[in-house]
Amino acid sequence: MKGFRAIKRYFRDSVHGVFRNFSLSLASISCITITLIVVGVSLIMSANVENFSDSIRKDVTVVMFLKSTTTSEDVDKIKKELESIENIENKSIEFKSKVDSANELKKGNDIFSNTVDGWTPETNPLLDSYMFKVKDIEKIDDTVTAVKNLEFSKDKINNINYGEDIVHQLIIVFNVVKKICIVAVVALILVTAFLIANTIKLAIYSRKREIEIMRLVGASNVSIKIPFIFEGLFIGILGSVIPILIAIFGYTSLYDFFGGKLFGSALASLIVPMPFVYYISGILLLIGIVVGMIGSYQAVRKYLKI
């Protein structure tokens, strides 16, 4: 009960401290607000870039053409072998006969349509094929090699096409973009921590005389430090309010404006606002609170030599 009363008193003192020195507190709150807005925008951009990358990864399709001598019984056996490979998404495995391929050509162009109409099942030069997607695009080369080495299917495969050069370039670009996003967000958080901590340090340093008086009347180091740490917590919360509102309403409006897709492309789909904006809001609130408390603690411990 005594501890609860003490914590209640610390909270009360910290709230009074924020409003009693409001001009200095406002400077700290403003610093937190501005830097957290930048961090929030960076987090949203990074998450959506990663989402774009994942969409493109998932859209990469491997096409395996079968030899013309492959029978319908062989087709079923080949599918079972493909399903046995761990990195292949079983639900994505799709068989396309040469007749289906010919019909697709007919729909694409009138010239092709006239040509295809002249084909018979025997003269159709197209090949039956299997299409599938992989779970991990970075293992696509190993997966294709495993398909080529399947005990039954290897003698039935004509060739496999998945745009090797383009896929390899995409993998490199994805990895570079991912690393840049991570570095940018971490760097911004560190800069934010530095700016906020130093602003709070200045605010608390200006109250050095107040702390000296508290020590003269017998206040312990802990009883002096804790209100200031709670004060940093409140400053962090107040400074997070505007960035959180911008993240929630700003991103939701942006999503609605573009209809959830940039440039009208399914591959550039934005992340659905709910619950994404709540995750971003939680991160911003956490950064504000942690940095605010650490800034206050460091100011009291080092600058005022308590």
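Modeller: Helices (H or I, at least four residues) and strands (E, at least two) are DSSP runs, numbered from the N terminus. Pro275, for example, lies in helix H10 (residues 273-303), and the peptide bond from Met274 to Pro275 is cis, with omega near 5°.

Colleague: What kind of model is this, and which rules govern its features?

Modeller: This is a predicted model, in which local features need pLDDT of at least 70, side-chain atom pairs count only at pLDDT 80 or more, and totals for chains, interfaces and linings use all residues. Residues are numbered from 1 along each chain as its sequence is written, and side-chain values use heavy atoms, leaving out hydrogens and water.

Colleague: How many helices and strands does the protein chain contain?

Modeller: The protein chain has 10 helices and four strands. From the N terminus on, their order is α-α-β-α-β-α-α-β-α-β-α-α-α-α.

Colleague: What is the average pLDDT of the protein chain, and which elements have the lowest and the highest mean?

Modeller: The predictor's confidence in each residue, from 0 to 100, is called pLDDT. The protein chain averages 81, and 85% of the residues score at least 70. Helix H1 (residues 2-20) has the lowest mean among the elements, 66, and strand E3 (residues 129-132) the highest, 93. Where pLDDT is low, the predicted coordinates should not be read in detail.

Colleague: Why is Ser101 called buried?

Modeller: Buried means under 20% relative accessible area, exposed over 50%, and partly exposed in between (1.4 Å probe, protein chains only). Ser101 has 16% relative accessibility, and therefore counts as buried. Ser101 is placed in helix H4 (residues 98-108). Leaving aside residues up to four places away in sequence, Ser101 touches Lys96, Leu126 and Leu127, where contact means heavy atoms within 4.5 Å.

Colleague: Are Ser92 and Val191 buried, partly exposed or exposed?

Modeller: With a relative accessible area of 18%, Ser92 is buried. Ser92 lies in the loop between helix H3 (72-83) and strand E2 (94-96). Val191, in helix H7 (residues 164-205), has 44% and is therefore partly exposed. The C-alpha atoms of Val191 and Thr35 are separated by 8.3 Å, although these residues are 156 residues apart along the chain.

Colleague: Why is strand E1 said to be largely enclosed?

Modeller: Four of the five residues of E1 (residues 62-66) are buried, so the rest of the structure largely encloses this strand.

Colleague: How do you know that E1 and E3 pair?

Modeller: Two strands pair if DSSP finds at least two bridges between them. E1 and E3 have four bridges, in the antiparallel sense, and Phe65 has Ser129 of E3 as its bridge partner. E1 also pairs with strand E4 (residues 157-161) over four antiparallel bridges; there, Met64 stands opposite Ile160.

Colleague: What makes a set of grid points a pocket, and what is the volume of the largest pocket?

Modeller: On a 1 Å grid over the protein atoms alone, a pocket is an open set of points where a 1.4 Å probe fits, with protein on both sides within 12 Å along at least five of seven lines; lining residues have an atom within 4 Å of a point. The largest pocket has a volume (the space filled by probe spheres set on the points, which are joined across faces, edges and corners) of about 300 Å³. Of its 19 lining residues, Val41, Ile44, Met45, Tyr251 and Leu254 are the closest to its centre. Helix H2 (22-59) and helix H9 (221-258) each supply at least two lining residues, and the largest share, nine residues, comes from H2.
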